[in-house]
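Good morning, colleagues. Please bring the structure up on the screen, and I shall take you through several of its regions in turn.

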Amino acid sequence: MFFNFIDELRSAGIQASFKEHLVLLEALDKDVIEQTPEQFYYLSRAIFVKDEGLLDKFDQVFNKVFKGILTDYGQNPVDIPEEWLKAVAEKFLTPEEMEAMKSLGSWEEIMETLKKRLEEQQKRHEGGNKWIGTGGTSPYGNNGYNPEGVRIGGESKHKRALKVWEKREFQNLDNTRELGTRNIKVALRRLRRFAREGNPDELDLEGTIEGTAKQGWLDIRMRAERKNAVKVLLFLDVGGSMDPFIKLVEELFSAATTEFKNLEFFYFHNCLYEGVWKDNKRRWSERTNTWDILHKYGHDYKVIFVGDAAMSPYEITHPGGSVEHFNEEAGAVWLQRVAHVYPATVWLNPVPEKQWGYSQSTKVIKEMVGGNMFPLTLDGLDGAMRELTRKKH
């Protein structure tokens, strides 16, 4: 029973021995869970996944083996009219019509107007240029067009929204992904400072030879293992416009976890704010206060941000500019704090460098990190590592 499931887990690099298989069968035999697909998912995940870095692989295997078995069984239906959930076909505008449309105004004006619309609007609306709805030219809603607006639900079409209100799920990066090339690891090795720490459990051959020659008898000497003493804080942008770069960032993540033994990583979305997280599935329930990071990790840590820096400038410069929550302090304030506490800070951008000039937010982020933004290429990595190894005063 479930042999195919076990085989697929093993193929994905997840430990699935006969012992785990027996534990699963015993748990099912003793009815420790309700007999629903969802409960079986959580039970099997608890048994087979020993490392949180393998959660995403487990989800992929589970979906492959049991595709179609998960339903909405047992869930209460949401009392929302069906027509509200269906996006109206995108309204087609000519280039001249798009050019003729004007932005509503500043960030404060847009949010104040949205507040008034929410108070006044009593029903669903589609098309048009004023109410919150779909398929129109209003600054509020989705599946329409406006140079600057607030997308509420739906999917991004023109990548122009200042703020997005919807629940989104991000995936954790997989730090076990094998690199197709060792070049990234080689580039990261520039950022190394070796030191011998810990118990003397390694034979010191030269010391033993020297001591034996001086003493006249076998004088065995031991020493601590030589390890990379560099300490790294890695902040990874996930979700949204970063999705096309998942494979590239996973390769970097995998290389970094191999090369840096003193590595701490955290996720953020678009810009750094007052909270970051370790697990994207628990990013709202288990967040880490950014202040705690600044106080916990010393000034000798090297900081590496990885992100495309593509967002509305309001997300960086204004309180409340975050696309997912109301941030009391602007993202720029937090970036300045990090740069102040950790003089060795760089930003790696997966977007080709020749495109940076078209993004206002990229220019702002680059300025916030003292100009130390590098493309996520081998040459860019080499330059970033050289920058981090320089002495900071």
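In helix 4, the residues that count as buried are Leu55, Asp56, Phe58, Asp59, Val61 and Phe62. I should say at once that we are looking at a predicted model. The buried residues of helix 4 pack against two elements, namely helix 1 and helix 3, the latter spanning 37–48.

Let me stay with the first of these two neighbours. Two packed helices are described by the angle between their axes and the distance between the axes. For helix 1, residues 3–11, and helix 4, residues 55–65, the angle is about 145° and the axes lie 10 Å apart. Their crossing is right-handed. Which residues meet here? From helix 1 come Asn4, Phe5, Glu8 and Leu9, and from helix 4 come Phe58, Val61, Phe62, Lys64 and Val65. Sorted by class, this contact comprises six nonpolar residues, one polar residue and two charged residues. An α-helix has 3.6 residues a turn, so residues three or four places apart point the same way. Phe58, Val61 and Phe62 are among the buried residues of helix 4, and these three also take part in the contact with helix 1.

I turn next to the strands, beginning with strand 13. This strand covers residues 302–306, and five of its five residues are buried. In a regular strand the side chains alternate between the two faces of the sheet. In strand 13, Lys302, Ile304 and Val306 point one way, while Val303 and Phe305 point the other way. What are the partners of this strand? Strand 9, residues 231–237, runs parallel to strand 13 and is joined to it by five bridges. Within that pairing, Leu233 has Val303 as its bridge partner. Strand 14, residues 345–349, also pairs with strand 13 in the parallel sense, over four bridges. There, Ile304 is partnered by Val346.

Strand 14 contains Thr345, which merits a closer look. Is Thr345 buried or exposed? Thr345 is buried, because its relative accessible area is 7%, and the cut-off for burial is under 20%. A polar atom of the Thr345 side chain lies 2.6 Å from the backbone oxygen of Tyr342. Leaving aside neighbours within four places in sequence, Thr345 is in contact with Val303, Phe305, Val338, Ala339, Val369, Asn372 and Leu388. Two of these names, Val303 and Phe305, belong to strand 13 and point the same way from it.

Another name in that list, Asn372, takes us to a loop. Asn372 is found between helix 14, 360–368, and strand 15, 373–375. With a relative accessible area of 15%, Asn372 also counts as buried. How far is Asn372 from Trp347 in sequence and in space? The two are 25 residues apart in sequence, and their C-alpha atoms are 6.3 Å apart. Beyond its neighbours within four places in sequence, Asn372 contacts Thr345, Val346, Trp347, Lys366 and Glu387.

Helix 13 belongs to this part of the discussion as well. Its residues run from 331 to 341, and the buried ones are Gly331, Ala332, Trp334, Leu335, Val338 and Val341. Their cover includes helix 11, 290–296, together with strand 13, helix 12, strand 14 and helix 14. Val338, one of these buried residues, is also among the contacts of Thr345.

Two backbone details deserve mention. Asn270 has a positive phi of about 70°, although it is not a glycine. Asn270 sits in the loop between strand 10, 262–268, and strand 11, 275–277, and is buried, with a relative accessible area of 7%. Ala309 likewise has a positive phi, of about 60°, and is not a glycine. Ala309 is found in the loop between strand 13 and helix 12, 314–317. At 0% relative accessibility, Ala309 counts as buried.

One further residue is Gly383, in helix 15, residues 378–389. Gly383 is buried, with a relative accessible area of 19%. Its C-alpha atom and that of Met373, ten residues away along the chain, are separated by 9.6 Å.

Finally, the whole chain. The protein has 15 helices and 15 strands. Of its 393 residues, 45% count as buried. Among contacts with a separation of 6 or more, 65% are between residues 24 or more positions apart.

Methods:
Residues numbered from 1 in each chain as written. Predicted model: local features only at pLDDT ≥ 70, side-chain atom pairs only at ≥ 80, totals over all residues. Heavy atoms only, no water. Axes fitted to C-alpha atoms, helices over the stretch in contact; angles between N-to-C directions. Left-handed = near helix turned anticlockwise from the far one by under 90°. Contact = heavy atoms within 4.5 Å. Nonpolar A, V, L, I, M, F, W, Y, C, P; charged D, E, K, R; others polar. Buried < 20%, exposed > 50% of the residue type's maximum accessible area, 1.4 Å probe, protein only. Pairing = 2+ DSSP bridges. Polar contact = N/O pair within 3.5 Å; in protein donor to acceptor, adjacent residues only side chain to side chain.
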